[in-house]
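Let's take a walk through this structure together. Have the sequence and the 3D view ready, and follow along from one stop to the next.

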Amino acid sequence: MLGFAWFEVGLVGLLGMLIGSFLNVVIHRLPKMLEAQWTAECWQLQHPDQEPHQATPFNLVTPRSRCPHCGHMIRWYENIPVISYLVLGGKCSQCKTMISARYPMVEILTGALYAYCAYRWAGVGKRLPGVRSAPPW
Ligand SMILES: [Zn+2]
């Protein structure tokens, strides 16, 4: 029977998958945010006497996630780490364009790393059935 310690490892793994989902946002948006900032700064250097125009906000929170191909706003149930990717068959629900496998891979990898850390360093591994001490690695 699976004990409470495995439940904890799984729970930490799920938390890691949520963090991985956020990392996907950072991976996708941070370069665009920096490019927009640099473009605005260059424009300001070329036009020092003009007021900078207000761009629509683009950061890690705003705007909501959209399909990069058709612009379809991703609903909350289309944004569940790994599960939504599998349910949607790796395609946008609107335009059926393939979604990069990078997204679930980052979520799975981050979840696995979190689960491993809980197993190895949070003492969960010592309480797992059949495990007398944490593994040597
Ligand atoms: Zn789409």
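Pro63 sits in the loop between helix 1 and helix 2. Look at the bond just before this proline: Thr62 and Pro63 are joined by a cis peptide bond, with omega at about -5 degrees. The same loop also holds Val82. Val82 isn't a glycine, yet its phi is positive, at about 60 degrees. Is Val82 buried or exposed? Neither, quite: Val82 has 17 other C-beta atoms within 10 Å, so it counts as partly exposed.

Now step back for the overall picture. Keep in mind that this is a predicted model. The chain has three helices and zero strands, so to read it from the N terminus is to go α-α-α. Mean pLDDT for the chain is 89, and 88% of the residues reach 70 or more. Among the helices, confidence is lowest in helix 1, at a mean of 93, and highest in helix 2 (residues 83–87), at 96. Buried residues make up 16% of the 137 residues in the chain. Of the contacts with a separation of 6 or more, 61% are between residues 24 or more positions apart.

Carry on past helix 2 and you get to Lys96, in the loop between helix 2 and helix 3. Here's another residue that has a positive phi without being a glycine, this time about 65 degrees. Lys96 counts as exposed because it has 11 C-beta neighbours inside 10 Å.

That brings us to helix 3, which covers residues 102–121. At 1.5 Å a residue, its 20 residues should span 28 Å, and the end C-alpha atoms are indeed 28 Å apart. Its buried residues include Tyr103, Val106, Thr110, Tyr114 and Ala118. In an α-helix there are 3.6 residues a turn, so residues three or four places apart point the same way. Just after the helix, Gly123 takes a positive phi of about 80 degrees.

What makes up the largest nonpolar core? Six residues do: Val9, Val12, Tyr114, Ala115, Ala118 and Tyr119. Helix 1 (4–46) and helix 3 are the elements that give two or more residues to this core, and helix 3 gives the most, with four.

Finish at Ala118, in helix 3. Ala118 counts as buried because it has 21 C-beta neighbours inside 10 Å. Try finding Glu8 from there: Ala118 and Glu8 are 110 residues apart in sequence, but 7.9 Å apart in space, C-alpha to C-alpha.

Note on methods. Residues numbered from 1 in each chain as written. Predicted model: local features only at pLDDT ≥ 70, side-chain atom pairs only at ≥ 80, totals over all residues. Expected span 1.5 Å × (residues − 1). Buried ≥ 20, exposed ≤ 12 C-beta atoms within 10 Å, placed from the backbone. Core = buried A, V, L, I, M, F, W, Y, C linked by C-beta atoms within 7 Å. Contact = placed C-beta atoms within 7 Å. pLDDT = per-residue confidence, 0-100.
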